[in-house]
Amino acid sequence: MSAGGTDTTAVDREREFRTLLLHIAVSCPYDAGELSTRISRPQQAIHEDLTALMQEGSVHLHDGVLRTSAATRLVAESAGTELREVQEQVLAELRTGVAARSTTLIALAESGCAAEALIDLLIRATSRHPDEAGLAAALGMVARARGESDDTLMLRRATDAAARSRPDEVLALTEKLLDSPSSDTATQTSAALLAAAAHIQSNRLERALALYRHVGEERIGVDAAWAVVAAIGRGDLPAARQWREAMAQNGLTNRAAGLTDFADGLIASTEGFGDRALELLAGSVSTLASLGDEVLLPETPAAIAALVAFGRGEPAAAEIVLERALRLELGGEPGRRRHLLLIAWGLMMRGGLDAAERRIAELQDPRELCDRDLLLYWCLRGGLARRHSDLPAMREAWREIRRHSFGLQITLYDLLPFGEMLVLAARLRDSAHISRMLQAATELLATMGEPVVWSTPLHWHGVQAAFQAEDPAALIPYANALVRAGEASRYAATLAVAGGTWLDVLRGEVDFDSVAASARALAGSGHTWEASRLAGQAALQHPERESALSMMQLAREIIKEQGGSEGRPATSPSVLTAREVEVASLVLEGQGYRAIGEQLFISPKTVEHHIARIRTRIGASSRADLLEKLHDLLSDRG
């Protein structure tokens with residue numbers, strides 16, 4: 001009976017020990033269990049052999065993995081076929097998604113493996129662990145074995161970082177290539193295109209355009225689509241059309257066809273009501289998705305299609321395109337994150353607050369978001385908090401928004417989240433912080449001739465901000481802009497009428513038919529939450545109980561018909577207004593008039609007025625009764 005527990009000849013045993021040692025040399029495994037998945041022997045038998053080898057000093061544990069002091073000799077003595085089989089076996093296991101340990105990758109490199117898969121794994125590992133000198137050395141070793149130059153390797157690393165939405169890493173790597181006198185023209189062109197894509201992801205569109213100009217129209221080819229994205233984002237339509245002309249008219253490849261549709265759809269979104277834009281952008285989604293991760297997408301046609309759909313009052317269409325992009329894995333992991341955020345935004349618009357929270361939860365770790373999407377994330381968080389009248393959550397979101405918008409250069413693609421920033425700033429009495437950005441956004445749209453699809457959401461948010469600030473005069477320019485846009489856009493016309501109806505309600509001029517028509521039109525355009533809020537506020541302003549109850553019923557019907565917020569209704573259609581809910585929450589915390597006023601930026605006298613109205617609305621006969629009823633009323637809000 002042998003040490004392994006099987007009847008074998010001495011030659012067979014020697015072969016088993018040698019195979020075991022070779023696997024240890026090539027992969028630095030954890031234990032017998034890991035080895036048994038690669039070697040067709042029982043785990044217990046391998047464990048017994050490892051014990052024997054460790055006793056004789058041939059195998060030892062170091063940093064939690066098995067190693068052999070005979071690694072160099074074993075690799076040198078192994079027949080080429082035998083060694084390659086072991087290397088391929090380990091690589092095949094890593095390709096299945098098994099976590100690639102640094103020690104395994106280094107051991108593979110030291111065993112002479114120069115496979116394409118290994119250099120890809122080493123590039124990814126080096127990015128994750130930039131301070132591990134052993135990984136960097138192994139990467140250089142494999143690259144030299146493959147005959148790749150330092151510039152080629154650096155370009156590969158930048159490409160991998162771009163695919164994983166790590167713009168800062170891309171820029172650090174491409175900076176060296178762009179400054180290198182030894183880089184050839186092809187390498188410099190590729191580096192410039194990667195750097196420009198990173199700038200697009202970081203909202204530095206002017207820098208991206210400078211790099212595209214450096215590449216030149218004669219060499220850029222279909223990548224001119226990204227120059228179109230950057231130019232339109234900066235409001236330069238003539239430059240966008242010029243870059244479009246640099247593209248081939250008829251793409252022979254899926255990549256060319258997809259990027260051509262993308263560029264054409266984006267340009268079409270700035271014309272009229274953008275009728276052709278969605279069709280072209282949806283076509284681009286289908287074409288580019290077929291290429292998988294072969295094409296780098298610093299922005300996705302699905303994300304642009306969603307922004308266009310929002311600007312047309314069609315959030316359901318946005319969700320369809322985005323869900324399709326998710327199924328097709330368009331844009332890889334960075335694309336998935338951006339698409340989830342925009343799906344959640346559409347759900348928030350339509351009053352599906354709980355559903356929006358669930359989609360946000362699918363992100364898992366928001367810290368992985370690029371700067372552009374991190375700002376979108378916090379604006380979404382702030383928007384949800386505002387709709388829940390959750391003042392602490394609003395303040396937390398606003399702190400993060402201020403941090404992530406510091407130095408922000410507004411682009412066309414930021415106008416949707418910026419609109420929510422506008423409302424939040426008014427709500428929290430911090431509009432001065434965004435005055436520069438508001439001016440930039442206004443000038444951007446004016447430069448482009450006020451494109452209806454892109455300007456309408458911002459103007460609507462401006463109307464909402466004026467309501468929040470209780471400043472009717474601030475509403476006038478936005479309302480007038482919506483009226484003008486309404487000549488080309490049914491959606492803008494709907495918002496213009498709704499804004500006027502809302503202003504009448506706040507003035508105490510409540511007409512049930514007008515409110516009902518505006519509320520249903522708003523809901524039909526995807527603004528379910530605002531629609532129910534309008535009806536709820538009208539109910540609170542109406543002097544006749546029967547009409548007020550009818551409007552409350554209308555608010556409930558709108559939420560129900562549109563899918564609502566699934567058991568967590570927005571506060572405004574309830575018994576109290578959004579402001580009264582905030583006051584009530586602070587009353588329950590035991591705070592006095594002055595403390596509440598300081599937190600809400602209102603006078604103690606106004607706080608007293610709110611509390612008096614709250615008592616009347618809920619029928620509280622005493623302070624104790626008030627506290628009890630408020631506790632019952634607000635307990636469901638968590």
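A disulfide is a pair of cysteine sulfur atoms within 2.5 Å. By that cut-off, a search of this whole structure, a predicted model, finds zero disulfides. The points below cover two of the cysteines, the second largest pocket, a histidine in helix H26, and two residues with positive phi.

**Cysteines**
- Cys 28 has Cys 113 as its closest cysteine partner, but the two sulfurs are 14 Å apart, which is too far for a bond.
- The side of Cys 28 open to solvent is small in relative terms: its relative accessibility is 6%, so Cys 28 counts as buried.
- For Cys 379 the closest cysteine sulfur belongs to Cys 370, and at 14 Å this pair is also too far apart for a bond.
- Cys 379 has 0% relative accessibility and therefore counts as buried.

**Second largest pocket**
- The volume of the second largest pocket is about 730 Å³.
- Its lining consists of 31 residues, and those nearest the pocket centre are Phe 467, Glu 470, Leu 506, Gln 537 and Arg 579.
- By residue type, the lining of this pocket comprises 12 nonpolar, eight polar and 11 charged residues.
- Helices that each supply at least two lining residues are H26 (452-468), H27 (472-485), H28 (490-506), H30 (528-541), H32 (578-588) and H34 (604-618).
- Domain 2 (406-564) and domain 3 (578-636) each contribute at least three residues to the lining of the second largest pocket.

**His 461**
- Helix H26, one of the helices that supply the pocket lining, contains His 461.
- His 461 has a relative accessible area of 8%, so this residue is buried.
- Leaving aside residues up to four places away in sequence, His 461 touches Leu 416, Gly 419, Glu 420, Leu 422 and Val 423.
- Arg 367 is 94 residues from His 461 along the chain, and the C-alpha atoms of the two are 27 Å apart.

**Positive phi outside glycine**
- Asn 203 is not a glycine, yet its phi is positive, at about 65°.
- The loop between helix H11 (185-201) and helix H12 (205-215) holds Asn 203.
- Asn 203 is buried, with a relative accessible area of 10%.
- Arg 429, also a residue other than glycine, has a positive phi near 55°.
- Arg 429 sits in the loop that runs between helix H24 (415-427) and helix H25 (435-447).
- The relative accessibility of Arg 429 is 30%, so Arg 429 counts as partly exposed.

Key: Residues are numbered from 1 along each chain as its sequence is written. This is a predicted model: local features need pLDDT of at least 70, side-chain atom pairs count only at pLDDT 80 or more; totals for chains, interfaces and linings use all residues. Side-chain values use heavy atoms; hydrogens and water are left out. Buried means under 20% relative accessible area, exposed over 50%, partly exposed in between (1.4 Å probe, protein chains only). On a 1 Å grid over the protein atoms alone, a cavity is a set of points where a 1.4 Å probe fits but cannot get out, and a pocket is an open set with protein on both sides within 12 Å along at least five of seven lines; lining residues have an atom within 4 Å of a point. Grid points are joined across faces, edges and corners, and a volume is the space filled by probe spheres set on the points. Helices (H or I, at least four residues) and strands (E, at least two) are DSSP runs, numbered from the N terminus. Ala, Val, Leu, Ile, Met, Phe, Trp, Tyr, Cys and Pro count as nonpolar, Asp, Glu, Lys and Arg as charged, and the others, Gly among them, as polar. Domain bounds come from an automatic or database domain assignment. Contact means heavy atoms within 4.5 Å.
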